[in-house]
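Thank you for sending this model for comment. My notes follow as numbered points, to be read with the sequence and the coordinates open alongside.

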Amino acid sequence: MGVVTTPAPEYDTEGCQQTITRVAVRCPRASGDWGVGVVISTLPAAVALRLSGQDPARIADPAAVALAYAYLYDLRSGGVETAFKGDKQGLGLTKRNKKRFEAQQILVARTQLAHNVPIWARRWLAAHAPRLRAFGIKRLVRDVFGVHGTVESGGGRVLAVALNRVDPLAAYLLAALRAMAAATTVQVRLDEP
């Protein structure tokens, strides 16, 4: 493990106030060969040392700096990777690439929206149904958004939402949806299947 000192034009920070630090880490794999990874960070070395419990005065020691960055990386606990996995499973997102830059930008924006809408919905629902706060995207899409029911409309407006009372999550959703619809004339109720 060590701090990478060779120039990296792909991380050109000219005109930028941030310094990029790269730390190469080599570790044995189960197959017996070696795996190599690079931690890339804009966090100042003195802050990395302090956050990892080391003395910031060790900033001149490349081994201490490398260990600090590796330690902080390990503390992340894979939250980002877990969110990506949840998006792929829950939203059915697969690798899609478009040939045109503009089309790829639209695809990225659509993917962000597909991720954010369930997250926002979870926040709105969890305010009145705390049990839903722990649900990931896969469980939200499969279980919560999959609760059967009917929407009654008339005159171009939603009049009522009837949830299937047999569904185990319907009771949790009932309280949350009633609270969210309180300022409207929409009725939310449990109904027979």
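**Notes on the predicted model**

1. In the hairpin formed by S2 and S3, where five residues lie between the strands, glycine 32 adopts a positive phi near 100°. Please keep in mind, here and below, that this is a predicted model. The two strands of this hairpin, S2 (21–28) and S3 (34–41), pair in the antiparallel sense over eight bridges, and within that pairing valine 25 has glycine 37 in S3 as its bridge partner.

2. The hairpin belongs to an open sheet of three strands, ordered S1-S2-S3 and paired in the antiparallel sense. S1 and S3 are at the edges and have a single partner strand each, so one side of each is left without a neighbour in the sheet. Strand S1 (2–3) is joined to S2 by two bridges, the two strands running antiparallel; here glycine 2 stands opposite alanine 24 in S2, and valine 3 stands opposite valine 23 in S2.

3. Helix H2 (62–75) has 14 residues and spans 20 Å from its first C-alpha to its last, which is close to the 20 Å expected at 1.5 Å a residue. At the start of H2, a side-chain oxygen of aspartate 61 comes to within 3.2 Å of the backbone nitrogen of alanine 63. Which residues of H2 are buried? They are Ala64, Val65, Ala66, Ala68, Tyr69, Ala70 and Leu72, and the buried residues of this helix pack against strands S1, S2 and S3 as well as against H1, which ties H2 to the sheet described in the previous point.

4. Glutamine 54 deserves a look of its own, placed as it is in the loop between helix H1 (45–51) and helix H2. Its side chain is joined to that of arginine 58 by a polar contact of 3.1 Å, while a polar atom of the glutamine 54 side chain also lies 3.3 Å from the backbone oxygen of alanine 64. Leaving aside residues up to four places away in sequence, glutamine 54 touches Leu49, Ala64, Leu67 and Ala68; of these, Ala64 and Ala68 are among the buried residues of H2.

5. How do H4 (101–126) and H5 (137–144) lie relative to each other, and at what angle do their axes cross? The axes come within 10 Å and cross at roughly 75°. That makes H4 roughly perpendicular to H5. From H4, the residues His115, Pro118, Ile119, Arg122 and Leu125 meet Ile137, Leu140 and Val144 of H5.

6. In helix H6 (residues 170–180), the residues Ala170, Leu173, Leu174 and Ala176 are buried. What covers the buried residues of H6 includes the helices H4 and H5 of the preceding point, together with strand S5 (157–164) and strand S6 (187–191).

7. Asparagine 164, which is found in strand S5, is my last point. Is this residue buried or exposed? With a relative accessibility of 15%, asparagine 164 counts as buried, because the cut-off for that class is under 20% relative accessible area. Apart from residues up to four places away in sequence, asparagine 164 touches His148, Gly149, Ala170, Asp191 and Pro193, and of these Ala170 is one of the buried residues of H6.

Key. Residues are numbered from 1 along each chain as its sequence is written. This is a predicted model: local features need pLDDT of at least 70, side-chain atom pairs count only at pLDDT 80 or more; totals for chains, interfaces and linings use all residues. Side-chain values use heavy atoms; hydrogens and water are left out. Buried means under 20% relative accessible area, exposed over 50%, partly exposed in between (1.4 Å probe, protein chains only). Helices (H or I, at least four residues) and strands (E, at least two) are DSSP runs, numbered from the N terminus. Contact means heavy atoms within 4.5 Å. A polar contact is a pair of N or O atoms within 3.5 Å; within protein, one must be able to donate a hydrogen and the other to accept it, and residues adjacent in sequence count only if both atoms are side-chain atoms. The expected span of a helix is 1.5 Å times one less than its number of residues. Two strands pair if DSSP finds at least two bridges between them. Axes are lines fitted to C-alpha atoms, for helices over the stretch in contact, and angles run from 0 to 180 degrees between N-to-C directions. Angles under 35 degrees count as roughly parallel, over 145 as roughly antiparallel, 65 to 115 as roughly perpendicular and the rest as oblique.
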